[in-house]
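I opened this model today and kept notes as I went. The entries follow the order in which I looked things up.

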Amino acid sequence: TTPLGRTASQYYISHSSMALYSRHLRPNMADIDLLRLFSMSGEFAHITVREEEKLELSKLATRVPIPVKESPSEPSAKINILLQAYISRLKLDGFALVSD
């Protein structure tokens, strides 16, 4: 076993995501780049932006600590916003977002 394999196993991270991290993670990455990388993880491949979430995602995007460049209607932006909201312990209002 390798350190990457043990990490993947312990945190239930797919092989494809670990390969992505291995290729792109750098010691001096900016926070926004790190969040963008995590939002590209295979574990989030089936996340979609529902029509009823767009307004709340737009509002939430103004409250997260690190600005999100992508449109809140893009799945990667939704993931980025939700990761930041979770880490920052922001309150989510919409049921659909809470379930994601």
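These notes go from the whole chain to one helix pair and then to single residues.

**Entry 1: the whole chain.** I am working with a predicted model. I counted the secondary structure first: the protein chain has six helices and zero strands. Read along the sequence, the pattern is α-α-α-α-α-α. I then looked up the extent of the C-alpha trace, which spans about 45 × 25 × 20 Å along its principal axes.

**Entry 2: surface and burial.** The accessible surface of the protein chain comes to about 6800 Å². Carbon and sulfur atoms account for 59% of that surface. Of the 100 residues in the chain, 31% are buried. I also checked how far apart in sequence the contacts reach. Among contacts between residues at least 6 apart, 52% join residues at least 24 apart.

**Entry 3: helix 3 against helix 5.** How do helix 3 and helix 5 pack, and at what angle? I find helix 3 at residues 31–39 and helix 5 at residues 75–88, with an angle of about 120 degrees between them. Their axes are 9 Å apart. The angle makes helix 3 oblique to helix 5, because roughly perpendicular covers 65 to 115 degrees and roughly antiparallel needs over 145. The crossing of the two helices is right-handed.

I listed the residues that make this contact. Helix 3 brings Ile32, Leu35, Arg36, Phe38 and Ser39. Helix 5 brings Ser76, Ile79, Asn80, Leu83 and Gln84. By class, I have five nonpolar, four polar and one charged residues in this contact.

**Entry 4: Gln84.** I picked Gln84 of helix 5 for a closer look. Is Gln84 buried or exposed? Its relative accessibility is 2%, so Gln84 counts as buried, the cut-off being under 20%. Next I asked what Gln84 touches, leaving aside its neighbours within four places in sequence. I find contacts with Leu35, Val64, Pro65, Ile66 and Val68. Leu35 is also among the helix 3 residues that pack on helix 5.

**Entry 5: positive phi.** I then noted residues with positive phi that are not glycine. Tyr12 has phi near 55 degrees. I place Tyr12 in the loop between helix 1 (3–11) and helix 2 (15–24). Tyr12 counts as exposed because its relative accessibility is 73%, and the cut-off is over 50%.

Arg89 has a positive phi too, about 60 degrees. Where is Arg89? I find Arg89 in the loop between helix 5 and helix 6 (95–99). At 78% relative accessibility, Arg89 counts as exposed.

Terms used: Residues are numbered from 1 along each chain as its sequence is written. This is a predicted model: local features need pLDDT of at least 70, side-chain atom pairs count only at pLDDT 80 or more; totals for chains, interfaces and linings use all residues. Side-chain values use heavy atoms; hydrogens and water are left out. Axes are lines fitted to C-alpha atoms, for helices over the stretch in contact, and angles run from 0 to 180 degrees between N-to-C directions. Helices (H or I, at least four residues) and strands (E, at least two) are DSSP runs, numbered from the N terminus. Angles under 35 degrees count as roughly parallel, over 145 as roughly antiparallel, 65 to 115 as roughly perpendicular and the rest as oblique. A crossing is left-handed if the near helix is turned anticlockwise from the far one by less than a right angle, and right-handed if clockwise. Contact means heavy atoms within 4.5 Å. Ala, Val, Leu, Ile, Met, Phe, Trp, Tyr, Cys and Pro count as nonpolar, Asp, Glu, Lys and Arg as charged, and the others, Gly among them, as polar. Buried means under 20% relative accessible area, exposed over 50%, partly exposed in between (1.4 Å probe, protein chains only). Accessible areas come from the Shrake-Rupley method with a 1.4 Å probe; for residues, only the protein chains shown count as cover.
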